[in-house]
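Here are some notes to read beside the model, written for someone new to protein structures. Please keep the sequence at hand and find each element as it is named.

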Amino acid sequence: MSYRNLLIEDQGAVRRITINRPDKLNALNHETIGELHDAFARAEAAPGVRAIVLTGAGPKAFVAGADIAEMNGLSPVQARDFSRHGQRLMSRIEELGKPVVAMVNGFALGGGMELAMACHLRIASDAAKLGQPEVNLGLIPGFGGTQRLLRLAGRGPALELCLLGQPIDAGRALAMNLVTRVVPAAELETETMKIAMQLAAAAPQAMTAMIGAIVLAGEAPLSTALDYESQAFAVTFSTDDMKEGTGAFLERRKPEFIGR
């Protein structure tokens, strides 16, 4: 499948999705969000894809925000629909049964930060800048930014980033728990792909179960979440990969997971 605004590349069991609008700093317009919906649906359905890397084209930006030129002409009703369109994408990524790694290679602002926060891991260049600057446009985040910021960083940092609208560097984002790791810009691709390859080599059912237990059950009351965990734990015992993993441990060899 070819897209106007995305590049798709498979490296072994890792699918790399690149937002390819460098002249617009990879800004998210309605069309690009729709293409991302389709690309992630296809990645989830592809049995040979076990992990996904999401990044932006060019040296300047992961995603510099939503497309302001497109937003400028929206009515309130159209703005609500655009917000929900973006929110559905972020939820699709967050709830995907395969690990998604954001490779944050530059600016991740507004919708770009919201997109990164929806990914399961975020590896940032030491030159990256992250923020929710919507207040400077007379707006608020509309793709889930207020809620994921609150859950990842807490109320104080969420209020600071949203109310002041000032970007922060990658080091401060790491301290706020908004990125997973910070690496030198020259090593970003190598380190991100190394992590993605590690994820792709793991047992897929266990990965899916863990994402569900943390992302979905983690929003439930503790008793419900613990029940979810025990049920998911039990299901992994029905898989060939569990037998392979435990057998390899006892035999002191590296496991080879086949996804069953």
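1. A definition comes first: an angle between two elements is taken between lines fitted to their C-alpha atoms, in the N-to-C direction of each, and runs from 0 to 180 degrees. The model is a predicted one. With that in mind, helix H4, residues 111-118, lies across strands S4, S6 and S8, and its direction is at about 75° to that of S4.

2. The strands that H4 crosses belong to an open sheet of four strands, which has the order S4-S6-S8-S9 and mixed pairing. Its edges are strand S4 (61-63) and strand S9 (168-169), each of which pairs on one side only. Within this sheet, strand S6 (residues 107-109) and strand S8 (residues 129-131) run parallel and are joined by three bridges; to find one of the bridges, look for Phe107, whose partner in S8 is Lys129. As general background, the strands of a sheet pair through backbone hydrogen bonds, in either the parallel or the antiparallel sense.

3. There is also an open sheet of six strands, again with mixed pairing, and its order is S1-S2-S3-S5-S7-S10. Strand S1 (6-11) and strand S10 are the edge strands, each pairing on one side only, and the twist from one strand to the next averages 20°. Helix H8, residues 188-200, packs on this sheet and touches S1, strand S2 (14-19), strand S3 (51-56), strand S5 (100-104), S7 and S10, while its direction makes about 165° with that of S7.

4. How are the strands paired at the two ends of this order? S1 and S2 pair in the antiparallel sense over six bridges, and Leu6 has Ile19 as its bridge partner in S2. These two strands form a hairpin with two residues between them, and Gly12, which is in the turn, has a positive phi of about 65°. Strand S7 (residues 121-125) and S10, by contrast, run parallel and are joined by three bridges; here the partner of Ile123 is Arg181 in S10.

5. On which side of helix H10 are its buried residues? The buried residues Ala225, Ala232 and Thr236 cover an arc of only 45° around the axis, which puts them on the same side of H10. They pack against helix H9 (204-216) and helix H11 (240-250). It may help to recall that an α-helix has 3.6 residues a turn, so residues three or four places apart point the same way. The length of the helix can be checked too: at 1.5 Å a residue, the 15 residues of H10 (residues 222-236) should span 21 Å, and this agrees with its end C-alpha atoms, which are 21 Å apart.

6. Why is Cys162 not bonded to Cys119? The sulfur of Cys162 is 18 Å from the closest cysteine sulfur, which is in Cys119, and that is too far for a bond, because a disulfide requires two cysteine sulfur atoms within 2.5 Å. The structure as a whole holds zero disulfides. Both cysteines are buried, Cys119 with a relative accessible area of 3% and Cys162 with one of 16%.

7. Two residues deserve a look for their backbone angles, since most residues other than glycine have a negative phi. Asn177 is not a glycine, yet its phi is positive, near 70°; Asn177 is placed in the loop between helix H7 (170-175) and strand S10 (181-183), and at 44% relative accessibility it counts as partly exposed. Arg252, also not a glycine, has a positive phi of about 55°. Arg252 is found in the segment after H11 and is exposed, with a relative accessible area of 81%.

8. The last point concerns Gly142, which lies in the loop between S8 and helix H5 (145-153) and is partly exposed, with a relative accessible area of 24%. Leaving aside its neighbours within four places in sequence, Gly142 is in contact with Ser83, Gln87 and Glu114. Gly142 and Ala66 are 76 residues apart in sequence, while their C-alpha atoms are 9.6 Å apart in space.

Notes: Residues are numbered from 1 along each chain as its sequence is written. This is a predicted model: local features need pLDDT of at least 70, side-chain atom pairs count only at pLDDT 80 or more; totals for chains, interfaces and linings use all residues. Side-chain values use heavy atoms; hydrogens and water are left out. Buried means under 20% relative accessible area, exposed over 50%, partly exposed in between (1.4 Å probe, protein chains only). The expected span of a helix is 1.5 Å times one less than its number of residues. The arc is that of the directions from the helix axis to the C-beta atoms. Contact means heavy atoms within 4.5 Å. Two strands pair if DSSP finds at least two bridges between them.
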